[in-house]
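Biologist: Please give a close look at a single part of this model, the pairing of its strands and what is arranged around that pairing. I should like one connected account, with the evidence for each step.

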Amino acid sequence: MYRRKFLGNGGRTLTEAIFETENLKVAYGENQVINGIDWNINKGEITALIGPSGCGKSTFLKTLNLLIRSMSDDVKLSGSITFSGKNILSDKIDAIDLRKQIGMVFQQPNPFPKSVFDNVAYGPRIHGVKKKRQLQEIVEQSLSEAYLWDEVKDRLHDSARGLSGGQQQRLCIARALATKPDVLLMDEPTSALDPISTMGIEDLIRKLQGQYTVIMVTHQMEQAARLSDTTAFLYMGDLIETNKTSQLFSNPSEKQTEDYITGKFG
Ligand SMILES: Nc1ncnc2c1ncn2[C@@H]1O[C@H](COP(=O)(O)OP(=O)(O)OP(=O)(O)O)[C@@H](O)[C@H]1O
């Protein structure tokens, strides 16, 4: 079967890819939900993944850091995902190390039942940072990067669960940034938040642009259009189209994309 390889930016530029997937298939038992995706995801960009409910967006995201293997017993992965020169599906990969480089933020803010400080220090501690001074520096830097430091600097040892929803989500982003990842995967990071907190998280994502590669699932077309450099449309496990965001929304090349973004289904 002929398969189209989607290159970053619709294949028009030679932007460096951070992930290259080849014939990537994912199945839960007999239920195949990703059908053989060939895609180069650009480094340093914000990529939005859109598509109707159940089309495989979260599955695709969780496959990129192999979280899918820890979350589902009967998952089957095939094809390849090249990240940092290695096929993470077949080469010997330490999943904990991989997730140091590829952080993830979920729909519901999920701080650990620990203090603000211990949430952010969690990853660095796992990776062997022991010195108090060094941990303090990492915590302050990560919270500052997540635009949360000023709000929490006087309550670092209070429970993270006492923060507002928007603050908790920025804390989760700070926790992900604390291991100095290359990539942040975000699965509908604002869908559980009110409009003001959503704006705060969107501002933060914009500020991360260029320093990190962000791959974000969103159900909000406006959010994809506001934030991302590249947008990809997934439908029933197939990558239908990926292109520069402005191009995909103004002049989609596929009828299915057009129907989806104009609200004809989804
Ligand atoms: N752990 C699992 N075990 C079995 N099937 C699963 C599992 N997780 C997801 N699925 C199935 O895989 C398909 C894709 O689900 P996925 O969550 O990836 O879609 P999605 O596009 O992110 O959906 P949504 O937008 O509703 O979050 C669905 O049919 C879903 O029921």
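Modeller: Two strands are taken to pair if DSSP finds at least two bridges between them. The model is a predicted one. In it, strand β1 (residues 17–28) and β2 run antiparallel and are joined by nine bridges. Two individual pairs place this register on the sequence: A27 stands opposite Q32 in β2, and the bridge partner of K25 in β2 is N35. The connection is a hairpin, with two residues between β1 and β2. G29, in that turn, has a positive phi of about 60°.

β1 also pairs with strand β4 (residues 75–83), again antiparallel, through eight bridges. Here F19 stands opposite F83 in β4. Together these pairs belong to an open sheet of four strands, ordered β2-β1-β4-β5, with antiparallel pairing. At its edges are β2 and β5 (86–87), each of which pairs on one side only. In general, the strands of a sheet pair through backbone hydrogen bonds, either parallel or antiparallel.

The edge strand β2 also leads to the ligand. The ligand is surrounded by Y28, N31, V33, G51, S53, G54, C55, G56, K57, S58, T59 and S72. Two elements give two or more residues to this shell, namely β2 (31–42) and α1 (57–64). The larger share belongs to α1, which gives the most, with three residues. Divided by class, the shell has eight polar residues, three nonpolar ones and one charged one.

α1 in turn leads to another sheet. This is an open sheet of six strands, in the order β6-β7-β8-β3-β9-β10, and its pairing is mixed. Its edges are β6 (102–105) and β10 (238–244); each has a single partner strand, so one side of each is left without a neighbour in the sheet. From one strand to the next, the twist averages 20°. At the β6 edge, four bridges join β6 to strand β7 (residues 183–187), and the two run parallel. M104 stands opposite L185 in β7. α1 packs on this sheet and touches β3 (46–50), β6, β7, β8 (213–217) and β9 (230–235). The direction of α1 makes about 150° with that of β8. α1 thus has a place both in the ligand shell and on the six-stranded sheet.

A further helix covers the β6 edge. Helix α7 (residues 165–177) lies across β6 and β7, and runs at about 170° to β6. Its partners can be followed outward from there. The axes of α7 and helix α8 (residues 195–208) come within 9 Å and cross at roughly 20°. Angles under 35 degrees count as roughly parallel, and α7 and α8 are therefore roughly parallel to each other. The crossing of α7 past α8 is right-handed. On the α7 side the contact is made by G165, G166, Q169, R170 and I173, and on the α8 side by S197, G200, I201 and L204. These residues divide into five polar, three nonpolar and one charged.

α7 also packs with helix α4 (residues 116–126), at an angle of about 30° and with the axes 7 Å apart. α4 passes α7 in a right-handed crossing. In this contact V116, N119, V120, Y122 and G123 of α4 meet L171, A174 and R175 of α7. By class, the contact has five nonpolar, two polar and one charged residues.

From α4 the chain of contacts continues to helix α5 (residues 132–145), where the packing angle is about 110° and the axes are 9 Å apart. Angles of 65 to 115 degrees count as roughly perpendicular, and α4 and α5 are therefore roughly perpendicular to each other. α4 passes α5 in a right-handed crossing. F117, V120, A121 and P124 of α4 meet L135, I138, V139, S142 and L143 of α5. Eight of the residues in this contact are nonpolar, one is polar and none is charged. V120 of α4 takes part in the contact with α7 and in the contact with α5.

Technical notes
Residues numbered from 1 in each chain as written. Predicted model: local features only at pLDDT ≥ 70, side-chain atom pairs only at ≥ 80, totals over all residues. Near = placed C-beta within 6 Å. Nonpolar A, V, L, I, M, F, W, Y, C, P; charged D, E, K, R; others polar. Axes fitted to C-alpha atoms, helices over the stretch in contact; angles between N-to-C directions. Contact = placed C-beta atoms within 7 Å. Parallel < 35°, antiparallel > 145°, perpendicular 65-115°, else oblique. Left-handed = near helix turned anticlockwise from the far one by under 90°.
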